[in-house]
Amino acid sequence: MLGVSSAGDLAQIAAAVGLANNLSAVRALATDGIQRGHMALHARSVAVAAGAVGHMVERVAQMIVEARDVTLEAAKRALDLARAAHESAAASGE
């Protein structure tokens, strides 16, 4: 398809493709695409480690990401707040 006539030409094409692939990976790492996805996944893991279950996992993860404090301690505090808000809403009939 490429009309390559020698192994050297093929090696150069393969190297160029590899470098282009590396550049795209570096670009993705430098922007917030991969970082944002990884941080969201990490925040959910921290929320679960703090004891969140069900819909509380997403809520706690969102809270700690917004606070820019993705730690177990912050997740525990966020879980306490989320539970208190949920109980208050349930008690008031919302």
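When I speak of a helix here, I mean a DSSP run of type H or I that is at least four residues long, with the numbering starting from the N terminus. With that in place, I can say that His86, the residue I will return to later, lies in helix H4, and I should add at once that what we are looking at is a predicted model.

Let me begin with the chain as a whole. The protein chain has four helices and zero strands, so that, going from the N terminus, its elements read α-α-α-α. For 94 residues, a compact globule would be expected to have a radius of gyration near 12 Å, whereas this chain has 23 Å. The C-alpha trace, taken along its principal axes, spans about 75 × 25 × 20 Å. Of the 94 residues, 17% count as buried, and if we take the contacts between residues at least 6 apart in sequence, 35% of them join residues at least 24 apart.

Next, the packing of two helices. Helix H3, which covers residues 55-66, packs against helix H4, residues 72-91, at an angle of about 125°, and their axes are 9 Å apart. That angle makes H3 oblique to H4, because it falls outside the ranges for roughly perpendicular, 65 to 115 degrees, and roughly antiparallel, over 145. The crossing of the two helices is right-handed. On the H3 side, the contact is made by His55, Met56, Arg59, Val60, Met63 and Ile64, and on the H4 side by Ala74, Ala75, Ala78, Leu79, Leu81, Ala82, Arg83 and His86. Sorted by character, the residues of this contact are 10 nonpolar, two polar and two charged.

Now back to His86. Leaving aside residues up to four places away in sequence, His86 touches His55 and Met56, both of which are also listed on the H3 side of the contact. Is His86 buried, exposed or partly exposed? With a relative accessible area of 43%, His86 is partly exposed, because that value lies between the 20% limit for buried and the 50% limit for exposed. As for distance, the C-alpha atoms of His86 and Asn21 are separated by 47 Å, the two residues being 65 apart along the chain.

Finally, the loop between H3 and H4, which is where Arg68 is placed. What is the phi of Arg68? Phi of Arg68 is near 55°, a positive value in a residue other than glycine. As a general matter, most residues other than glycine have a negative phi. Arg68 is also exposed, with a relative accessible area of 78%.

Terms used
Residues are numbered from 1 along each chain as its sequence is written. This is a predicted model: local features need pLDDT of at least 70, side-chain atom pairs count only at pLDDT 80 or more; totals for chains, interfaces and linings use all residues. Side-chain values use heavy atoms; hydrogens and water are left out. Axes are lines fitted to C-alpha atoms, for helices over the stretch in contact, and angles run from 0 to 180 degrees between N-to-C directions. Angles under 35 degrees count as roughly parallel, over 145 as roughly antiparallel, 65 to 115 as roughly perpendicular and the rest as oblique. A crossing is left-handed if the near helix is turned anticlockwise from the far one by less than a right angle, and right-handed if clockwise. Contact means heavy atoms within 4.5 Å. Ala, Val, Leu, Ile, Met, Phe, Trp, Tyr, Cys and Pro count as nonpolar, Asp, Glu, Lys and Arg as charged, and the others, Gly among them, as polar. The radius of gyration is taken over C-alpha atoms; the globule rule is 2.2 Å times the number of residues to the power 0.38. Buried means under 20% relative accessible area, exposed over 50%, partly exposed in between (1.4 Å probe, protein chains only).
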